Amino acid sequence: MEHDLQRGYSVLTKDDLKEKMNKQIDDLSEVFLLSKADATVLLTKFQWDSQNVSERLSENKEKLLRELGFSPAVTGSNYADNFFSVEKNLARLTLEARDMYEEYVLRSFLEENKGSVIKQCPSPGCSYSVEFHRAVDIEEYGLNVVCLCGHTFCGRCGLESHRPVTCNNATDWLMDLKKLSDVSEKSLTVSWIESNTKPCPHCRCPLEVGSRSRLFRFVDCLYCSGRFCSACMQTVESHKTPDGNYGSCVVRLLLPPVVNGPEVVVSCVDRWEASEIALVEAKSELESLDESQFTFQQYITAMREGLMLIVQCRQFLKWSCAYDHIHTEYQASKREYLRFLQDNANTLVQSYSETLKEEAVKALSATTYEETIVSRSKILSATSNIGNYFFHFSNTLQGGIDDVKVKSYDNFGGPYWLCDRCTCGNTWLDMTCKMCCASATPVEKKLKDLSLN
């Protein structure tokens, strides 16, 4: 049993779980002179609440047992003469049926126990359980539980570990993920863009005009606000007749293909899917760890902890994509900074993974104990470094990315405009950011005209 009060939980094996259950049964059996079988039935009836069972037995033992359907039996044991027992019925069970009964009792202890909070690890096929300490106050971000099987999950909501987002945000994200995936797949498919968009005659950016053209003949470009005809893709001015009215469309011009159109942005859904693939690979590497190849237990522990840390880092990066969608959707500068941190973290995790592989090869070829100690020290140092990075990364996100001070256009008509991408200040004469070369938005262009007038 892995027990740590500071972490707020303990990881139990199946034998540990049986030991805790049998101790509770033995205590009740000894105090009230009951057989273990009787004590087991009583505890299952009262959802393993030993205090409640003790109080009811102290008030009127025989009355309680008769109400629960026990039949009296006379035994030659040291217990009372009128001994209520179910052992006779248990003795009639076959070996297979007895095993099923024992599994039922253990599952009852795990799922219905009111005396403690014990949960089965939600990872498929895992036999470990987790006991949560009553004194722990689980915050809205949940309690990050690391099972010995390598799976990490939230002790509050039961989902996989979802820091840096709250339990409610994680649930909402999973509900919206399918819809977002469909939208992302639609918007990022090159073939769909080619068959469903037309280039604007003013800025040449691709626009979806099919749905609007059935209702409106003239539409506005979403990028440059230029007005044009959705049927022939020419400007409004080209349709004006000498009398001021709008005539029919002229021969459609063949516009050159878009060379420097708007960059297709990788959405948070794409990053989520890529992170999911990386997480599966990390779990696979953890499961494939062959401990029999190494001699020293301390080195095995360091390797396993390192691989488990990679799983946790990959899981954090995966859920940071949900944070991206929830908290930075309308804050371009914060989103840019968050994705910089994500890319940097991905690089560090990959480098750390390569370090573990290199040191594992060195340990296998080591001929002395000192060489193994040196390799282990390098692993521990790298583990500490990446752990510290993700600790501060988590705090940064939970603090709302305060490192980036996002300003609005309150300096209306002022001396400069702030880039949405990097927040750099630029003069109103600049139409692209002098720091990151991002183009000014239509809002900034309008502010420029007002500032210069």
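Q: Is S275 buried or exposed in this predicted model?
A: S275 sits in helix α10, where helices (H or I, at least four residues) and strands (E, at least two) are DSSP runs numbered from the N terminus. Buried means under 20% relative accessible area, exposed over 50% and partly exposed in between, with a 1.4 Å probe and protein chains only. S275 has a relative accessible area of 11%, so the label for S275 is buried.

Q: Which residues is S275 in contact with, leaving aside neighbours within four places in sequence?
A: Contact here means heavy atoms within 4.5 Å. With those sequence neighbours set aside, the partners of S275 are L317, K318 and C321.

Q: What does E273 count as, in terms of accessibility?
A: E273 also belongs to helix α10, and its C-alpha is 8.0 Å from that of K318, although 45 residues separate the two in sequence. Its relative accessibility is 40%, so E273 counts as partly exposed.

Q: How much can you lean on the model, going by its mean pLDDT?
A: pLDDT is the predictor's confidence in each residue, from 0 to 100. Since this is a predicted model, local features need pLDDT of at least 70 and side-chain atom pairs count only at 80 or more, while totals for chains, interfaces and linings use all residues. Residues are numbered from 1 along each chain as its sequence is written, and side-chain values use heavy atoms, with hydrogens and water left out. In this chain 70% of residues reach 70 or more, and the mean pLDDT is 75.

Q: Where is the pLDDT below 50, with 23 contacts in the model beyond near neighbours in sequence?
A: One stretch with pLDDT under 50 is 251-264, for which the model has 17 contacts beyond four places in sequence. The stretch with 23 such contacts is residues 74-84.

Q: What span does helix α13 reach from its first C-alpha to its last?
A: The expected span of a helix is 1.5 Å times one less than its number of residues. Helix α13 (residues 369-398) has 30 residues, with 44 Å expected. Just past its end, G400 takes a positive phi of about 85°. The reach of α13 itself is close to expectation, at 43 Å.

Q: Which helices do the buried residues of α13 pack against?
A: An α-helix has 3.6 residues a turn, so residues three or four places apart point the same way. The buried set in α13 includes T372, S375, I379, A382, T383, I386, F390 and F393. Those buried residues pack against α11 (297-327) and α12 (332-365).

Q: Which element gives the largest share of the largest nonpolar core?
A: A nonpolar core is a set of buried Ala, Val, Leu, Ile, Met, Phe, Trp, Tyr and Cys residues joined through side-chain atoms within 4.5 Å. The largest one has 55 residues, and Y9, W173, F390 and F393 touch the most other members. Elements giving two or more residues to this core include β2 (9-12), β6 (129-132), α7 (167-188) and α10 (268-287). The largest share, 16 residues, comes from α11.

Q: Which residues does F390 touch, not counting those up to four places away in sequence?
A: F390 is one of the buried residues of α13, and it is among the four that touch the most other members of the largest core. Its partners are C313, F316, L317, A345 and V349.

Q: Which residue is the bridge partner of S10 in β6?
A: Two strands pair if DSSP finds at least two bridges between them. β2 and β6 run antiparallel, joined by four bridges, and β5 (residues 117-120) also pairs with β6 in the antiparallel sense over four bridges. On the β5 side, I118 stands opposite E131. The partner of S10 is E131.

Q: Which residues point the other way from S129 and E131 in β6?
A: In a regular strand the side chains alternate between the two faces of the sheet. S129 and E131 point one way, and these residues are buried, as are those pointing the other way: V130 and F132.

Q: What is the relative accessible area of E111?
A: E111 is found in helix α6 (residues 95-112), whose buried residues are V105, L106, S108, F109 and L110. Those pack against α1 (14-32), α2 (36-45), β5 and β6. E111 is exposed, with a relative accessible area of 59%.
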